[in-house]
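User: Could you take a close look at one part of this protein with me? I'm new to reading structures, so please walk me through it slowly.

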Amino acid sequence: MQPFRTHTGLVAPLDRANVDTDQIIPKQFLKRIERTGFGQFLFYDWRFNGDGNINTEFALNDPRYKGASVLVAGKNFGCGSSREHAPWALADFGFKAIVAPTFADIFYNNSLKNGLLLVKLSEIETSELLKRASSHEGYQLTVDLEQCRVSDSIGFVAPFEMDPFRRLCLLEGFDDIGLTFRFAQQISDYEQRRFGKAAGI
């Protein structure tokens, strides 16, 4: 997992509440076993019409937001089923951070474990960011995990909170396997003490 310290990127607004994981990555695309390749199916039922043509009404299809790496959304983002494919799809599409008032718990945990930073701001602050992203072409945010702060170049600054352990894992790029490897020597020493004795070594 790549360490996350600070990121500045173009913002895409998704002014919708209760965006569930089946909307993020529809179930028909969950057959892949790799973590990559899901980005092309992100928000598929919203990005495309029933005939397969691009839905020009959907925000992420607006050329102004092409290449966006910060998504600002409504409350309860990531609700629904626990599929880990949802953060995979968001990351594969190019998003590095998502800002919303609240997130579903399982989605929140899955995202952080996959290096996707989720930032909780108040509804007032999130609403302001949605307005700025819609009205200022090329609008960018800086998400600073070291300072736990979100800011832009035109006066917006807001602190956010994060569990210290989860913050450390993101800052250092530790997933569950990486955390285990931190204790590789202690594990090796333990195995030697326990199994070495049993083998008479």
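In what sense do β5 and β6 pair, and over how many bridges?

Analyst: Happy to, and one thing before we start: this is a predicted model. Strands β5 and β6 pair in the antiparallel sense, and they do so over 3 bridges. To see one matched pair for yourself, find T142, which stands opposite S151 in β6.

Now follow the chain from one strand to the other. β5 covers 140–144 and β6 covers 149–151, and C148 sits in the loop between them. The two strands form a hairpin with 4 residues between them. Look at the backbone of C148: its phi is near 50°, which is a positive value in a residue other than glycine. What about its surroundings, though? C148 has a relative accessible area of 15%, and because buried means under 20%, C148 counts as buried.

β5 has another partner too. Strand β1, residues 6–14, pairs with β5 in the antiparallel sense over 5 bridges. Here you can pick out H7, whose bridge partner in β5 is V143.

It helps to set that hairpin loop beside another loop. N76 lies between β2 (70–73) and α3 (85–93). The phi of N76 is near 60°, again a positive value in a residue other than glycine. N76 is partly exposed, with a relative accessible area of 28%, whereas C148 is buried. R83 is also in the loop between β2 and α3. At 17% relative accessibility, R83 counts as buried. If you ignore its neighbours within four places in sequence, R83 is in contact with several residues, including T21, D22, P26 and N110.

That loop leads us to some parallel pairing. β2 and β3 pair in the parallel sense over 3 bridges, and V70 has A97 in β3 as its bridge partner. To get from β2 to β3 the chain passes through α3, and this β-α-β crossover is right-handed. Next, β3 is joined by 4 bridges to strand β4 (residues 117–120), and these two run parallel. One pair to look for is I98, standing opposite L118 in β4. The chain goes from β3 through helix α4, residues 105–113, to β4, and that β-α-β crossover is right-handed.

Stay with β3 for a moment, since both of its faces are covered. A97 and V99 are buried on one side, while I98 and A100 are buried on the other. Who else is around there? L71 touches A97, I98 and V99, and among its other contacts are F43, F77 and L90, with residues up to four places away in sequence left out. L71 is also a good way into the largest nonpolar core, which has 58 residues. F43, L71, F77, L90 and F107 are the ones with the most contacts inside that core.

Finally, have a look at helix α6, which spans residues 164–172 and has C169, L170 and L171 buried. At its start, a side-chain oxygen of D163 reaches to within 3.1 Å of the backbone nitrogen of F165. Just after the helix comes G173, with a positive phi of about 75°.

So, back to where you began: the β5 and β6 pairing is antiparallel, and β5 also pairs with β1 in the antiparallel sense.

Note on methods. Residues numbered from 1 in each chain as written. Predicted model: local features only at pLDDT ≥ 70, side-chain atom pairs only at ≥ 80, totals over all residues. Heavy atoms only, no water. Core = buried A, V, L, I, M, F, W, Y, C linked by side-chain atoms within 4.5 Å. Buried < 20%, exposed > 50% of the residue type's maximum accessible area, 1.4 Å probe, protein only. Contact = heavy atoms within 4.5 Å. Polar contact = N/O pair within 3.5 Å; in protein donor to acceptor, adjacent residues only side chain to side chain. Pairing = 2+ DSSP bridges. Right-handed = clockwise from strand over helix to strand, strands pointing away.
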